[in-house]
Amino acid sequence: MEYDVIVIGSGPGGYTGAIRCAQLGLKTAIIEKYPSLGGTCLNVGCIPSKALLDSSEHYYNAAHTFAEHGIKLADLQVDLAQMITRKASVVEQTTKGIAFLMKKNKIDELHGVGSFVDPHTIKITKDDGSEQIIKGKNIVIATGSKPMSFPSMPIDKKRVITSTEALTLQEIPKHMIVIGAGVIGAELGSVYARIGSKVSFVEFADSMIPTMDKTMGKELQKSIKKLGADFYFSHKVTKVENTGEEVIVNVDTPKGEQITLTGDYCLVSVGRRPYTDGLNLEAAGLKTDDRGKLEVDNHLRTSVPHIYALGDVIRGAMLAHKAEEEGTFIAETIVGQKPHIHYRLIPGVVYTWPEVASVGYTEEEVKKEGIPYKVGSFPFKALGRARASMDVDGLVKVLAHKETDEILGVHMIGARAADMIAEAVVAMEFRASAEDVSRMSHAHPTYTEAFKEACLAATDNRAINM
Ligand code: FAD
Ligand code: NAI
């Protein structure tokens, strides 16, 4: 069988790319080694983690804020098994949706491990050991990533776990030690802190979510501290040991002292590595760089021009929507169109509560690059909408060019920031100035007024409600 395009991997990058190829009239096949489609994001990433974040947030509000709203509850309990069951059914519905989309778009869905036989030929090895050979004029590698670990913290998937196991725990941990306070640590640490676990974050850097604007990490820490969490910043884990009943984590403090943390679970969330195992890249004349990533040019072509790669397996942010844009980009490139991705305007979101969302330059980056800038900030506590809902934690911070007033970066922490950041992306795609946004009507009372007010503050320090 010969295809115009073979996509290896059915995550957000792979399935989006396959659908766009089919829309453009290309005969397309998608290969997935697992029985269900959707990749990391739908099966063990974005969707299940958000399902648990939402459930745990409902519980937390019922336990801690409902009474103040005048809602009385008795015998409130967490049913973790039900939370996990609901999460599984959300995943199932979502992955089945992708299978439906494959059929609708007449994409051949093939299950098994895809590996190169030569630059145009792919062997699919199925679970029962049988093999199928297909050929493609173009091939897209969309094989994603896997959790990373270090020899000092061996994952046993029982007590020393990755995000994948943290999504299916059968008991609420008494004390969860989270190594790495990045995005996964913050999100899944919040889930368990909200439903009663003691959570301790051990982080190599000096703040939470250290790659985002520093203000965000500081504010997020304040909110997560309210859940009773402990933080060990600038600390280095030297050894993690599962004794059977508990996990012992040895840590070096910034002063060079050694301390020991003891918990019943240890979540290792220190990043993810690109995944190319089993692809037999050599047969296609491809190799990875020293960090395991496939190198691509500006058209997302590897060193073999008809083989493209996208998403977590190449450079850039490991985000579902980044992979999706790249899937569309490759399909359109194959048919000779001239698509474009503005990588700096890919937003990043952390789905804690309050949510953190960000687009464009951070303050640290503008400083480092010597770009003249001004800052406007607006706190959620000054918003009528936030007071009405009792979601007063957070702020919006806008960075604008000092001379031109063009918006350079927007960083938000607060209720519904994940959805609000889209307005900033649109504004920045159209190269809006802070004053442009501050002159646009924002419905009252809404959280989006915080963005308008922060733009007013950045324009000429003329926020109205502060
Ligand atoms: P993947 O989704 O990893 O898919 C790759 C697929 O390729 C997999 O299904 C794999 O089985 C398959 N595959 C690999 N090798 C082969 C082979 N040889 N043959 C056949 N199939 C193969 N991102 C967000 O933007 N928002 C979020 O809220 C978010 N939450 C996350 C939460 C968690 C807990 C995790 C772990 C990640 C989260 N991410 C989130 C990141 C997001 O999941 C990834 O960036 C995204 O899935 C990458 O998409 P991809 O298409 O590159 O690869
Ligand atoms: P991450 O890169 O966000 O965070 C890893 C953290 O671990 C960093 O803060 C780092 O300083 C720290 N760290 C590294 N080595 C360490 C060590 N030895 N000891 C202590 N701390 C150490 O990676 P994470 O959280 O594992 O997530 C992986 C990827 O998944 C992210 O790149 C992210 O893009 C994606 N993801 C996205 C989500 C979202 O968009 N909401 C949610 C979850 C994951």
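In this predicted model, Gly185 touches Val178, Gly180, Phe201, Leu267 and Ser269, leaving out residues up to four places away in sequence. Gly185 belongs to helix 7, and it is buried because 24 other C-beta atoms lie within 10 Å, where 20 or more are required. The next residue to consider, Ala186, is also found in helix 7. Ala186 counts as buried too, since it has 25 C-beta neighbours inside 10 Å. Its contacts beyond four places in sequence are Ala181, Met208, Ile209, Leu220, Val350 and Thr352.

Both glycine and alanine here carry a database label. The UniProt annotation "binding site", from an unreviewed entry, covers Gly180, Ala181, Gly182, Val183, Ile184, Gly185, Ala186, Glu187, Glu203 and Gly271. These residues span 92 residues in sequence, yet no two of their C-alpha atoms are more than 14.5 Å apart, so they gather at one spot.

It is natural to turn next to ligand 2. Of the 25 residues around this ligand, Gly180, Gly182, Ile184, Phe204 and Val270 come nearest. Helix 7 (183–194), strand 10 (198–203) and strand 18 (348–350) each supply at least two residues of the shell, and helix 7 gives the most, with 4 residues. Sorted by class, the shell holds 17 nonpolar, 5 polar and 3 charged residues. Two domains take part: domain 1 (2–146 + 273–343) and domain 2 (160–270) each contribute at least three residues to the shell around ligand 2.

On a broader scale, the unreviewed UniProt entry places the annotation "domain: FAD/NAD(P)-binding" on residues 3–327. Over that stretch the chain is 31% helix and 26% strand, and the end C-alpha atoms are 17 Å apart.

The interior of the model offers a further point of interest. The largest nonpolar core comprises 133 residues, and those with the most contacts inside it are Val140, Ile141, Cys266, Leu267 and Val398. Val140 is in contact with Val5, Val7, Ile8, Gly14, Gly17, Tyr308, Leu310 and Ile330, neighbours within four places in sequence aside. One of these partners, Tyr308, sits 168 residues from Val140 in sequence but 4.7 Å away in space, C-alpha to C-alpha. Tyr308 is part of strand 17 (residues 307–309) and is buried, because 29 other C-beta atoms lie within 10 Å. Besides Val140, Tyr308 touches Asn138, Leu300, Arg301, Thr302 and Ile330, again not counting residues up to four places away in sequence.

How values were computed. Residues numbered from 1 in each chain as written. Chains lettered and ligands numbered in written order. Predicted model: local features only at pLDDT ≥ 70, side-chain atom pairs only at ≥ 80, totals over all residues. Near = placed C-beta within 6 Å. Nonpolar A, V, L, I, M, F, W, Y, C, P; charged D, E, K, R; others polar. Domains from an automatic or database assignment. UniProt positions renumbered as here; feature names shortened; annotations may be inferred. Buried ≥ 20, exposed ≤ 12 C-beta atoms within 10 Å, placed from the backbone. Contact = placed C-beta atoms within 7 Å. Core = buried A, V, L, I, M, F, W, Y, C linked by C-beta atoms within 7 Å.
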